[in-house]
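The exercises below ask you to read a structure step by step, and each task is followed by a worked solution. Please keep the sequence and the 3D view open while you work.

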Number of protein chains: 2
Amino acid sequence: MEQIESKQDTKKLILDAAEQVFAREGFHNASLRTITGEAGVNLAAVNYHFGSKTALLEAVFDRHLIPLNRLRKERLEYVREVAREEGHSPRVDDILRAVIEPTLTFREAGPGAEAFITLVGRALSEPSETAQQIFMHHMQPLFVLAHEMLKEALPNLPASDLFWRLQFAIGTMSHTMRMYGKFLPVPEGVAPDADTESLIEMMIRFLTAGMEAA
Amino acid sequence: MEQIESKQDTKKLILDAAEQVFAREGFHNASLRTITGEAGVNLAAVNYHFGSKTALLEAVFDRHLIPLNRLRKERLEYVREVAREEGHSPRVDDILRAVIEPTLTFREAGPGAEAFITLVGRALSEPSETAQQIFMHHMQPLFVLAHEMLKEALPNLPASDLFWRLQFAIGTMSHTMRMYGKFLPVPEGVAPDADTESLIEMMIRFLTAGMEAA
DNA sequence: GTCTATAGATTGATAGAC
DNA sequence: GTCTATCAATCTATAGAC
């Protein structure tokens, strides 16, 4: 029992530290010594519990991205279902909200969740192909579903425009997830630190207008 | 004369290769061995001609980002000047076009320019603080100018909204610059490879609608 | 200016004692 | 499961011959 608890503790300590360090420094830049140092565990523990640095990144993604994507998928399918029952196409802002709201709300669960969202925001610009593949393996079904639903919502938009507008929205979301909470004092007295709820509404308003543009 | 030409050739070969490798693999992930290997020059040549890996990145940015930013600044100031002469605020789409058009048009100058634009798109998500600082040193004046002009164009928009909408637009641009030309075959037969001119118009339409949203 | 050779540091991974 | 010690590979940077 103590052994099992100890094992779980060490694994969790490593996952928590890896989340922070991968988010802060990127996959290749993050060293196992930094991670185990911040976790307060021995260097060899990573390879004992996870097997390799790549497998550790995989475990970090698995822990939170699987439930987060399940939630986002359920919310998308709920939007689709309600629209079908009411006999109309899904609304663009409902689709966007189904993706954005769980994402930025999840971030508020604590410092680990905040690091995780930063990590996800960084994932698409990771130079490591391995990291890219691990991430896209999780994300592709969600992208496909969102793409399909936006096609229903915007039936008159040419396929190429739809594809690119979805990319534009992904770029906005990634950047925001990476930058939110990281702005240093800004010279002109602007107020970048909106609360999460306001930020969600600002993003949905911005992206809905962009998606629905003539 | 031959010595000078040879020196310039080696420097240029290194700059060209570094541009490609930094864009492809990120700053920390890119090794001087890969760069000098692709350049076909000796490993020690980097430190002879540039001093350090950091100084090499600085030189890569300097070579194209200084003229590109001068052009974008001139185009922004021209928009501002014309609007003042005509007695109205600058238009949002003109501001966006002044930034986007030179950027994506520059990319068409050749494979080096294409890599450079990818590198710039990647810069904001570089984990290396050094790389960030080098990049922001070039970009901050342009961001400030664009921010000021958007404030003139959207005088009724609260400061916090304006700040975040500018961030959303920066996210869209960075992502597009990184991804453009890099899409593998997509399952559903969408047509992601729009020509540059169409892409510019799509971005301006999308971002203008987002910036001007209620 | 260009090269070889190498210093000196850091990395991911593992063997083997406990 | 956890630890020390270490291997083998990689990295940036430089010294010194040519």
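**Exercise 1.** Determine how helix α4 and helix α7 of chain A are oriented to each other, and which classes of residue make up their contact.

*Solution.* The model is a predicted one, and the first step is to locate the two helices, α4 at residues 53–85 of chain A and α7 at residues 129–153 of chain A. Their axes lie 9 Å apart, and the helices pack at an angle of about 5 degrees. Angles under 35 degrees count as roughly parallel, and therefore α4(A) is roughly parallel to α7(A). The residues of this contact divide into 14 nonpolar, 4 polar and 9 charged.

**Exercise 2.** Find the salt bridge that links helix α4 of chain A with helix α7 of chain A, and state whether each partner is buried or partly exposed.

*Solution.* Begin with the side chains of Arg80(A) and Glu152(A), which meet in a salt bridge with an N to O distance of 2.7 Å. This pair links distant parts of the chain, since Arg80(A) belongs to helix α4 of chain A and Glu152(A) to helix α7 of chain A, 72 residues apart. For the second step, recall that under 20% relative accessible area a residue is buried. Arg80(A) has 15% relative accessibility and so counts as buried, whereas Glu152(A), at 25%, counts as partly exposed.

**Exercise 3.** Describe the crossing of helices α6 and α8 of chain A, and name residues that meet there.

*Solution.* Take α6 as residues 111–123 and α8 as residues 159–179 of chain A, and note that their axes come within 7 Å and cross at roughly 140 degrees. Only angles over 145 degrees count as roughly antiparallel, and α6(A) and α8(A) are therefore oblique to each other. The crossing of these two helices is left-handed. On the α6(A) side, Ile117(A), Thr118(A), Val120(A), Gly121(A) and Arg122(A) take part, and they meet Ser174(A), Met177(A) and Arg178(A) of α8(A). Sorted by class, this contact has 3 nonpolar, 3 polar and 2 charged residues.

**Exercise 4.** Examine the salt bridge between Glu77(B) and Lys73(B), and then a network in chain A whose salt bridges share partners.

*Solution.* The side chains of Glu77(B) and Lys73(B) meet at 3.5 Å, N to O. Because they are 4 residues apart in helix α4 (residues 53–85) of chain B, about one helical turn separates them. Glu77(B) is partly exposed, with a relative accessible area of 33%, and Lys73(B), at 42%, also counts as partly exposed. Turning to the network, salt bridges with shared partners join Lys12(A), Asp16(A), Glu19(A) and Arg63(A). Over all chains, a search of the whole structure finds 30 salt bridges.

**Exercise 5.** Summarise chain A as a whole: how many helices and strands are there, and what percentage of its residues count as buried?

*Solution.* Counting the elements gives 9 helices and 0 strands in chain A. The C-alpha trace of chain A spans about 55 × 45 × 30 Å along its principal axes. Of the 214 residues of chain A, 53% count as buried. Finally, consider contacts in chain A between residues at least 6 apart in sequence, of which 71% join residues at least 24 apart.

Key. Residues are numbered from 1 along each chain as its sequence is written. Chains are lettered from A and ligands numbered from 1 in the order in which they are written. This is a predicted model: local features need pLDDT of at least 70, side-chain atom pairs count only at pLDDT 80 or more; totals for chains, interfaces and linings use all residues. Side-chain values use heavy atoms; hydrogens and water are left out. Axes are lines fitted to C-alpha atoms, for helices over the stretch in contact, and angles run from 0 to 180 degrees between N-to-C directions. Angles under 35 degrees count as roughly parallel, over 145 as roughly antiparallel, 65 to 115 as roughly perpendicular and the rest as oblique. Ala, Val, Leu, Ile, Met, Phe, Trp, Tyr, Cys and Pro count as nonpolar, Asp, Glu, Lys and Arg as charged, and the others, Gly among them, as polar. A crossing is left-handed if the near helix is turned anticlockwise from the far one by less than a right angle, and right-handed if clockwise. Contact means heavy atoms within 4.5 Å. A salt bridge is a side-chain nitrogen of Lys or Arg within 4 Å of a carboxyl oxygen of Asp or Glu. Buried means under 20% relative accessible area, exposed over 50%, partly exposed in between (1.4 Å probe, protein chains only).
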